[in-house]
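Subject: Structure handover and findings

Hello,

Here is the structure I promised to pass on. The findings follow below it, grouped by region.

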Amino acid sequence: MSDTFHAELDWDDQGQPISRSFGDVYFSKASGLEETRYVFLAQNELPRRFAALHAGEVFTIGETGFGTGLNFLCAWQLFTQTAPAKARLHFVSVEKFPLSASDLKKALALWPELVDYADALLAQYIAVHAGFQRFSLDDGRVTLTLLVGDALNCLPELDARCNAWFLDGFAPAKNPDMWTSALFGQLARLSADDATLATFTCAGFVRRGLLEAGFAMKKVQGFGHKREMLKGSLVAPVPGSVKPWFERPPLHIGPRTAIVIGAGLAGASTAASLATRGWQVTVLERHATSAAEASGNLQGVLYLKLSPHFTPLTRLALSGFGYTRRLLEGLDKTLNWDGCGTIQLATDPAEDKRQQQLAERLPSALLRRVSADEASKLSGVELSQGGVHFPESGWVHPPALCRFLLQHPNITLMTHQEAIRLERHHAQWKVYGNEALLAQASVVVVASATETATLIENAQLPLKRIRGQITHLPATRASQALQCVVCGEGYIAPSRNHLHTLGASFDFKRDDLELCTEEHKGNLALLNALSPVLAKALGAEQLDPATLEGRAAFRCTTPDYLPVVGPIADAAAFAHTYSILGKDARQVPESPVPWLNNLFVNAGHGSRGLITAPLSGELLAAWLNNEPLPLPRAVAEACHPNRFPLRAVIRGQA
């Protein structure tokens with residue numbers, strides 16, 4: 001797969017890229033820049049429409065064929081020049097064969113006028129793998145959602161309402177699969193009522209297909225040597241077909257104020273995603289600092305435990321990994337993170353088989369099979385097993401990431417404030433401590449791990465906690481040879497500030513957070529299984545587990561190990577409203593969801609929070625702001641809080 005994931009390019013005498021697979025140019029040889037401005041910006045009337053936006057309003061552009069990103073950069077430049085300062089641009093594009101970072105840099109160097117925009121994109125063009133990839137640019141004012149895959153697979157999974165469309169795949173004669181009635185139908189489904197459309201082609205079957213899909217089309221003068229092109233607008237909106245329990249809740253109207261309860265990674269990520277969209281956010285934290293509980297470890301691993309069957313959890317992980325990895329580029333690297341790579345050892349035949357299947361289905365830029373010898377060279381220590389190497393992975397200091405996320409000027413962090421009770425009065429949520437009012441706002445997001453279920457009991461969220469303990473091992477001269485994270489049944493990271501993090505235990509019974517000698521012993525056993533040589537380098541046999549330092553915390557997880565992210569309904573009212581599903585799960589009642597208005601949750605990330613929590617903040621912000629979801633609709637539904645009351649009704653447990 002590594003040979004076919006990225007676009008294969010040739011370069012002409014003028015240094016312009018040509019697709020080797022499709023035998024077609026990416027843009028006009030006369031002037032790609034002027035072609036984009038004429039065909040896509042002018043014919044969609046974007047200068048006028050951008051200028052007419054209101055503060056806080058989002059304009060969404062959809063595109064077929066991201067290519068070199070030229071259209072995106074031109075739209076971004078125009079938006080910067082013409083839109084009000086507090087308006088936002090969301091650009092959604094699909095691309096089956098994304099350019100490699102080096103090819104993208106070479107292609108965009110053709111346009112010096114766009115250098116500032118190109119450099120910003122290139123700085124974030126990291127960990128771009130299959131699935132939905134979310135980019136936050138221009139301090140959050142511009143969002144790019146890149147759908148990496150076949151358009152006819154990706155677009156049916158997209159939840160968005162686009163105000164304008166750029167149809168810019170390779171020419172119909174070169175790439176007929178991009179110009180089909182099925183694709184045109186998806187464009188109509190994903191269009192806002194005011195949607196417009198433009199494309200460089202004037203092929204008759206394209207015009208007829210778009211007319212049939214519900215667009216009014218007309219021919220206009222083309223660019224350069226092309227005599228004509230097509231432009232159009234939506235005249236027949238397509239009704240949505242989402243089941244009511246997964247519908248978007250009523251759009252919030254009024255002051256954009258929010259309270260986030262919990263300043264761990266889930267809460268900090270949620271606050272940051274809302275703050276960049278202009279929300280005034282108050283974060284309530286019961287401890288003295290942010291990241292005081294499960295997000296407080298010295299080192300956490302960007303851990304990609306994937307299934308070759310591309311389950312919702314795997315798809316979430318692939319998208320979340322890319323988002324977190326790009327997010328880290330804004331974080332000071334000295335002691336806060338290191339993209340040193342991770343090796344996952346093939347600890348048994350079943351794991352070896354799983355890894356082989358993954359290597360066959362995913363590009364080598366994401367993961368690559370390595371022998372024991374190669375794993376040893378990459379890690380810097382002797383390993384007796386091979387496995388898979390994730391070159392873009394590594395470790396993070398989670399407290400630093402939380403502080404980074406909370407530094408936005410629209411965020412106010414209030415520590416020593418424990419939320420005990422929520423009450424709603426006159427379209428406002430009020431959060432109380434024992435008896436005192438702590439804060440009030442239009443929206444509340446509960447991101448307080450297992451305490452979430454206690455705060456919103458009528459949601460009946462099945463959150464559970466699992467104790468985990470890590471061990472801190474003082475680095476030695478020999479152990480400093482470790483160059484990347486090594487994972488098996490446990491993990492060990494290269495030293496941070498002269499300490500290695502080793503872990504982690506799983507204890508389903510204990511409900512205290514005292515350091516446990518037996519769990520230190522268990523962690524040392526995990527180390528020996530990873531690398532006896534490294535264990536010896538750290539003097540593990542001579543260490544007294546009773547004297548070791550470490551940290552214990554509770555992971556918050558769910559029965560299906562997916563997080564809970566989205567709007568909250570009253571579970572008892574839900575069961576009553578949809579009771580018919582207990583008799584026939586195929587029914588789709590038209591009754592609206594009994595939402596707990598403007599109450600949301602972001603919790604249950606388990607041991608994968610570094611990968612899932614930041615993107616979940618974006619997912620929650622998308623629910624709240626009626627923006628394109630950063631995940632396939634099926635994955636967002638798999639994380640939706642309503643999955644639990646829905647299952648209870650269907651199984652007769654409500």
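How many bridges join strand 21 to strand 22, and do these strands run parallel or antiparallel? There are 5 bridges between strand 21 and strand 22, and the two run antiparallel. Please keep in mind throughout that this is a predicted model.

The small sheet

Strands 21 and 22 belong to an open sheet of 3 strands, ordered 21-22-23 and paired in antiparallel fashion. Strand 21 (421-425) and strand 23 are the edge strands; each has a single partner strand, so one side of each has no neighbour in the sheet. From one strand to the next, the twist averages 20 degrees.

Strand 22 (residues 428-432) is joined to strand 23 (residues 437-441) by 4 bridges, again with the strands running antiparallel. The connection between strand 22 and strand 23 is a hairpin of 4 residues. Y432 takes part in both pairings: its bridge partner in strand 23 is L437, and Y432 is also the partner in strand 22 of R421.

The loop between strand 21 and strand 22 holds H426. H426 is not a glycine, yet its phi is positive, at about 50 degrees. With a relative accessibility of 80%, against a cut-off of over 50%, H426 counts as exposed.

Domains and annotations

The chain is divided into domain 1 (7-240), domain 2 (257-290 + 398-461 + 557-649) and domain 3 (340-392 + 463-555). Between the C-alpha centres of domain 1 and domain 3 the distance is 43 Å.

Two UniProt annotations, both from an unreviewed entry, can be set beside this division. The record lists residues 113-233 as "domain: MnmC-like methyltransferase". That span is 27% helix and 35% strand, and its end C-alpha atoms are 31 Å apart. The record also gives "domain: FAD dependent oxidoreductase" for residues 259-623. Here the helix share is 28% and the strand share 25%, with the end C-alpha atoms 16 Å apart.

Nonpolar cores

The largest nonpolar core consists of 80 residues, and F50, I61, F72 and L187 have the most contacts inside it. Helix 3 (residues 70-82) is the element that gives the most to this core, contributing 8 residues. Once neighbours within four places in sequence are left aside, F72 is in contact with F66, F91, L121, L137, V142 and L144. Another core lies apart from this one; it has 63 residues, including A291, L302, L366 and L631.

A buried arginine

R325 is part of helix 10 (residues 312-327). Is R325 buried or exposed? Its relative accessible area is 10%, and the cut-off for buried is under 20%, so R325 is buried. Leaving out neighbours within four places in sequence, the contacts of R325 are I126, A127, L302, W337 and E392. One of these, L302, is also listed among the residues of the 63-residue core.

An enclosed strand

In strand 29 (residues 549-557), 8 of the 9 residues are buried, so the strand is largely enclosed by the rest of the structure. Strand 25 (residues 464-474) is joined to strand 29 by 9 bridges, and the two run antiparallel. Within this pairing, R465 has C556 of strand 29 as its bridge partner.

Backbone geometry worth a look

Which two residues does a cis peptide bond join? The bond is between G503 and A504, with omega at about -10 degrees. A504 sits in the loop between strand 28 (499-503) and helix 15 (517-530).

Besides H426, N626 also has a positive phi without being a glycine, in this case about 55 degrees. N626 is located in the loop between helix 18 (609-625) and helix 19 (633-638). N626 has a relative accessibility of 44% and therefore counts as partly exposed.

Regards

Terms used:
Residues are numbered from 1 along each chain as its sequence is written. This is a predicted model: local features need pLDDT of at least 70, side-chain atom pairs count only at pLDDT 80 or more; totals for chains, interfaces and linings use all residues. Side-chain values use heavy atoms; hydrogens and water are left out. UniProt positions are given in the numbering used here, feature names are shortened, and annotations may be inferred rather than shown by experiment. Buried means under 20% relative accessible area, exposed over 50%, partly exposed in between (1.4 Å probe, protein chains only). Two strands pair if DSSP finds at least two bridges between them. A nonpolar core is a set of buried Ala, Val, Leu, Ile, Met, Phe, Trp, Tyr and Cys residues joined through side-chain atoms within 4.5 Å. Contact means heavy atoms within 4.5 Å. Domain bounds come from an automatic or database domain assignment. Axes are lines fitted to C-alpha atoms, for helices over the stretch in contact, and angles run from 0 to 180 degrees between N-to-C directions.
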